[in-house]
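User: I want to learn how labels are earned in a structure. Please show me one and begin with the words I will need.

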Amino acid sequence: MSLGDTGTRGYFLPLLFVCCWKVSAAGVADYDDYSSNGTDENQTEPWSGLCPRTIPGETVTENNTTFLSISKDSHGSLNGTLIVVVLPSFYTLIFLIGLPANALALWVLTTRVEKLPSTIFLINLATADLFLCLVLPLKISYYFLGNHWPFGEAMCRFTTMAFYGNMYCSIILLACISMDRYLAVAHPFFARSFRSSAFAMGTCAVAWVVAVLFTLPLILFRQSFPLYGTKQTLCHDVLPWQWEEQHYYYYFITLIACGFLTPLLIMVFSCGVTLWVLLGSGEKYALAAKLTALMLISVMAFYSPSHILLLLDYSRSCLRKDGTFYGAYMASLALSTCNSCIDPFIYYYVSEEFRLNVKRRLFGHRKDSAMSMKTSKETLPSKTFHHSQ
């Protein structure tokens with residue numbers, strides 16, 4: 001069944017996003033009428049085409065300044081409770097949990113842990129998650145200000161690129177970690193021939209470069225526009241609708257395929273085989289099996305909704321350019337940031353030896369030399385473990 005099938009949309013899409021849509025739509029009823037310079041006189045005409053990912057706007061030029069005009073319904077969505085209250089509050093919670101958790105993990109990994117290949121992957125994962133958390137205060141301020149971006153075009157481009165870039169870098173690194181653990185468990189002797197710190201550093205460098213290339217279009221095109229008839233300046237939430245057909249449709253379809261679906265397939269395969277090997281070894285590696293399953297479930301639970309909604313959105317035709325489902329997409333995108341909070345507790349704090357290192361760093365009980373901590377000790381069997389067929 002295709003993603004664009006009417007029956008599929010009719011049953012699954014409302015089930016997934018009806019709550020978010022209702023909260024977002026609640027703000028429409030409270031929205032005041034505009035002044036004579038508002039958007040009522042600049043309503044965009046109905047159209048038939050691909051449904052845009054962002055709220056699409058019509059360009060209006062006055063006094064050599066380019067504004068974007070949107071429908072009244074879209075105004076209501078942007079100023080609804082979901083966007084200006086729930087969303088920034090949720091991002092604030094993610095920031096308060098994710099920042100200290102990843103910062104402390106990165107501190108311990110870089111100062112008290114032996115630089116094994118698994119450690120290098122985890123250091124890069126903690127760095128990507130930490131960078132994502134550091135971007136959130138700008139987005140929090142933007143939404144709490146009522147979708148007003150006072151920081152300039154350059155910061156809007158950087159924030160948009162950094163948000164998506166670190167998210168996709170985390171996904172790629174998670175795929176690398178799952179593949180690394182699969183090789184260590186299922187093919188220990190083969191993995192020993194090339195599984196080194198240098199190889200891990202090279203793989204992480206490639207992951208960062210790929211993530212930057214994935215998000216390069218977001219920094220090349222203008223991302224902030226003043227909203228016609230208001231004092232708001234929007235960042236990435238409203239873009240000219242022509243850009244969707246000319247640029248962003250193909251860009252985001254490619255991003256979904258290469259930045260999410262491909263890493264997800266790698267994780268499903270590698271985690272599936274790893275689980276099969278671990279479960280076949282009995283109760284000895286029960287914890288490792290549970291953590292492997294938890295990693296895969298968390299990735300699918302937090303990253304899938306936004307990408308599924310993108311595919312559903314791009315697979316149908318719109319009669320009006322009003323960004324009807326944009327509130328639901330924003331909610332699913334916020335959900336994806338939860339993974340930056342979950343990662344530290346799946347990969348770091350679950351280890352008793354890691355927690356011991358944290359206590360030593362926090363309370364000053366340091367040794368003369370750095371303790372060697374194998375970061376995969378409690379989540380993987382040793383390198384020499386192999387499953388007998």
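Analyst: Helices (H or I, at least four residues) and strands (E, at least two) are DSSP runs, numbered from the N terminus. The model is predicted, so local features need pLDDT of at least 70 and side-chain atom pairs pLDDT 80 or more, while totals for chains, interfaces and linings use all residues. Residues are numbered from 1 along each chain as its sequence is written, and side-chain values use heavy atoms, without hydrogens and water.

User: Where is N147 found? Why does N147 count as buried?

Analyst: N147 lies in the loop between α4 (117–144) and α5. Buried means under 20% relative accessible area, exposed over 50%, and partly exposed in between (1.4 Å probe, protein chains only). N147 has 0%, so it counts as buried. N147 also has a positive phi of about 60°, although it is not a glycine.

User: Is N63 buried or exposed, and how do you know?

Analyst: N63 is at 74%, and the exposed label begins over 50%, so N63 is exposed. N63 sits in the loop between β2 and β3. Its phi is positive too, about 50°, and it is not a glycine.

User: What makes β2 and β3 a pair?

Analyst: Two strands pair if DSSP finds at least two bridges between them. Strand β2 (residues 55–62) and strand β3 (residues 65–69) have 5 bridges, in the antiparallel sense, so they pair. One bridge joins T59 to L68 in β3. The two strands form a hairpin with 2 residues between them.

User: Why is the pair of Y142 and W149 called edge-to-face?

Analyst: Rings of Phe, Tyr and Trp (its six-membered ring) pair if their centres lie within 6.5 Å; planes under 30 degrees apart are stacked, over 60 edge-to-face, and the rest tilted. The whole structure holds 13 aromatic pairs. In this one, the centres of Y142 and W149 are 5.7 Å apart and the planes stand at 70°, so the pair is edge-to-face. Y142 is buried, at 2% relative accessibility. W149 is buried as well, at 4%.

User: What makes Y164 and F252 an edge-to-face pair?

Analyst: Their centres are 6.2 Å apart and their planes are at 70°. The limits are within 6.5 Å and over 60, so the label fits. This pair links distant parts of the chain: Y164 is in helix α5 (residues 153–186), F252 in helix α8 (residues 241–280), 88 residues apart. Y164 is buried at 3%, and F252 is buried at 0%. Both belong to one aromatic cluster, whose members include Y91, Y142 and W149.

User: How do you know that the charged end of K139 sits over the ring of F163?

Analyst: A charge sits over a ring if NZ of Lys or CZ of Arg is within 6 Å of the ring centre and within 35 degrees of the ring normal. The charged end of K139 is 4.6 Å from the centre of the F163 ring and is assigned as sitting over it.

User: What makes a nonpolar core? Which residues touch the most other members of the largest one?

Analyst: A nonpolar core is a set of buried Ala, Val, Leu, Ile, Met, Phe, Trp, Tyr and Cys residues joined through side-chain atoms within 4.5 Å. The largest has 89 residues, and Y164, Y347 and Y348 touch the most other members. Apart from that core lies another, of 7 residues, among them L275 and A288. In soluble globular proteins, nonpolar side chains tend to be buried together.

User: Why does T92 count as partly exposed?

Analyst: T92 is at 25%, between the 20% and 50% limits, so it is partly exposed. T92 lies in helix α3 (residues 81–111).
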